[in-house]
Amino acid sequence: MLDEFIIRAIIAILLLAINASIAGTFTIFKDMPFLVAGSAHAALAGAAMMIALENYININPLFGAIIFAILVAFSAAKAKQANVAIGIAFAFSMAVAVLFISLIKEQAARVWGLLFGDLLLLTNDDIFLMAIATVLIIIVCLAFNREFLFISFDMEGAMVQGIKANFFNYLLLSIIAVSTVVTMKAVGAILVYAMLIAPAAAANKKAGSIAGVFTMAAFFALFAGFIGLLLSIYFPFSPSAIAALVATSIYFILYKKGS
Amino acid sequence: MIEVKNVSYAYNGNIALQNVTFSSKDEFVAVMGPNGSGKTTLIKLIMGLLESEKGEIKVFGREAKEARNLIGYMPQKDTIARHFPIRVKDIVLMGTTKRRFYTKEDIEKAKKSLEEVGLPHLWNERFSSLSQGQQQRVMFARALAKEPKLLILDEPFSAVDLPSRDKMIDILNEKRREGMEIIIVVHNINPILHEIDKVLLLNKKAIAFGSPREVLNQETLKKAYGTDIQIVVCKEGYCHPLIGDEHA
Ligand SMILES: Nc1ncnc2c1ncn2[C@@H]1O[C@H](COP(=O)(O)OP(=O)(O)OP(=O)(O)O)[C@@H](O)[C@H]1O
Ligand SMILES: [Mg+2]
């Protein structure tokens, strides 16, 4: 029963939960949830471009996805009105994505895979890439969590305190973008938003401390991921759709209780 | 020691400061002016958070940016995030050091500052669960915890109750005696009028700069606020403008 696809799906859910905990929580602290949606769609364009250019440059399309997502993060970090910059980058990427998808008709299914996610179709390569990126994210966030917290609390106060706030802002937003691509590989560009944002947002409502938000977000994401996987084994449901439904429902339940 | 020479600043072409010049050394300086007169812009320039297009700013003889480690800053109340469960101690500790890990001394410094502002019991509380006035006093404690040579406060009293405000003023006086320089942005200058050395009256331009007795009169206030401001002369002979004053 426990074939290797399921084992890979389980590993992916663990990685997803780590990303939802770290990047999701910082996204909520930075108050920039839209960045996740923006980088996910840019990532789609990046992947589509790499697939279209496959005959000329043959590297994993995920690299294209990561580069495009980081570009969105950079434009958000540079802009005065981050959400406007993300919105424009979002629109631009969608245009690029549609353009390349129309060029690669016979391969387009691979892009759809990124759009809707393919938790049960992940390859060892995918898992390897996701794991490497996640480890990098963990290391950076452990090393700089004080700086990240500080710039989320008050950017200018951090600058006066001698922290290179601009640099850390670029770094943190890039981390969030990379995390988005990693998560997207498992649950798809459409649902990554739910999986990264909802667990952390719910945890932020409920937890009484910073550490509490990180742990609770991981737990919520893990719970949602496993429910999705479990149901998809016995019923013809998309695992990521169920996971996203569970994650957002947790938020709504806590929201109702909180207010 | 601050030297501001012919400084102008514009946000996307909208002039916020025009040709402002003033300097102070070892003084307690208040900056006052109507909303949008460039008070916050001016102190941001002094901290190197903004860069002036024209003019020159020196802080303790250095470029503004290079003097940041000597400055303790309390931002205007609405610029800080309150939507996540950060603790009071984490915030005050931010002021103590640039190091990644806090030492025993850092923790002691932070505790001392929180005690100074009269809130030692809130050490472990969530910042967002505090009242606005308490939050402002925590931000004040963060600025103090740095033990700066220059303290810059942007509207530090806007939400605090009167006894707490007077306590903050007592602290400022004590820091003055210990040699700290202070720049304070205020709407209502009356509570500190007797304590300050200089006032900068601002409305995009520096309308007047000098001791409160020199600066505050009907004429300069009208120039800054664009309307006649009532004045009450107290028994020490200071002109108290009746702006944003709950005694008015
Ligand atoms: N980030 C910004 N972008 C564009 N314009 C700005 C920005 N910050 C301030 N301004 C403009 O610059 C002018 C001066 O603003 P500033 O915040 O320095 O005023 P202030 O004296 O501190 O006002 P207040 O008493 O309301 O705090 C205002 O007209 C304001 O609209
Ligand atoms: Mg202001």
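Is F26(A) buried or exposed? I began with this residue in what is a predicted model, and I noted that F26(A) is buried, its relative accessible area being 2%.

I then looked up the aromatic pairs, of which the structure holds 18 over all chains. For F26(A) and F148(A) I found ring centres 5.5 Å apart and planes at 80°, so I entered the pair as edge-to-face, given that planes over 60 degrees apart fall in that class. This pair joins distant parts of the chain, since F26(A) belongs to helix α1 (residues 4-30) of chain A and F148(A) to helix α6 (residues 124-153) of chain A, 122 residues apart. I also checked the partner ring, and F148(A) counts as buried at 0% relative accessibility.

Next I turned to Y251(A) and F252(A), an edge-to-face pair with 5.9 Å from centre to centre and 70° between the planes. Here I wrote down Y251(A) as partly exposed, at 22% relative accessibility, and F252(A) as exposed, at 56%.

Which residues do ring pairs link into a cluster with F26(A)? I listed F29(A), F144(A), F148(A), F167(A), F168(A), F214(A) and F84(B), so the cluster that ring pairs build around this entry includes a residue of chain B as well as residues of chain A.

Last, I looked in chain B for charges placed over rings. K149(B) lies over the face of F60(B), at 4.7 Å from the ring centre, and R213(B) lies over the face of Y238(B), at 4.4 Å from the ring centre.

Notes: Residues are numbered from 1 along each chain as its sequence is written. Chains are lettered from A and ligands numbered from 1 in the order in which they are written. This is a predicted model: local features need pLDDT of at least 70, side-chain atom pairs count only at pLDDT 80 or more; totals for chains, interfaces and linings use all residues. Side-chain values use heavy atoms; hydrogens and water are left out. Rings of Phe, Tyr and Trp (its six-membered ring) pair if their centres lie within 6.5 Å; planes under 30 degrees apart count as stacked, over 60 as edge-to-face and the rest as tilted. Helices (H or I, at least four residues) and strands (E, at least two) are DSSP runs, numbered from the N terminus. Buried means under 20% relative accessible area, exposed over 50%, partly exposed in between (1.4 Å probe, protein chains only). A charge sits over a ring if NZ of Lys or CZ of Arg is within 6 Å of the ring centre and within 35 degrees of the ring normal.
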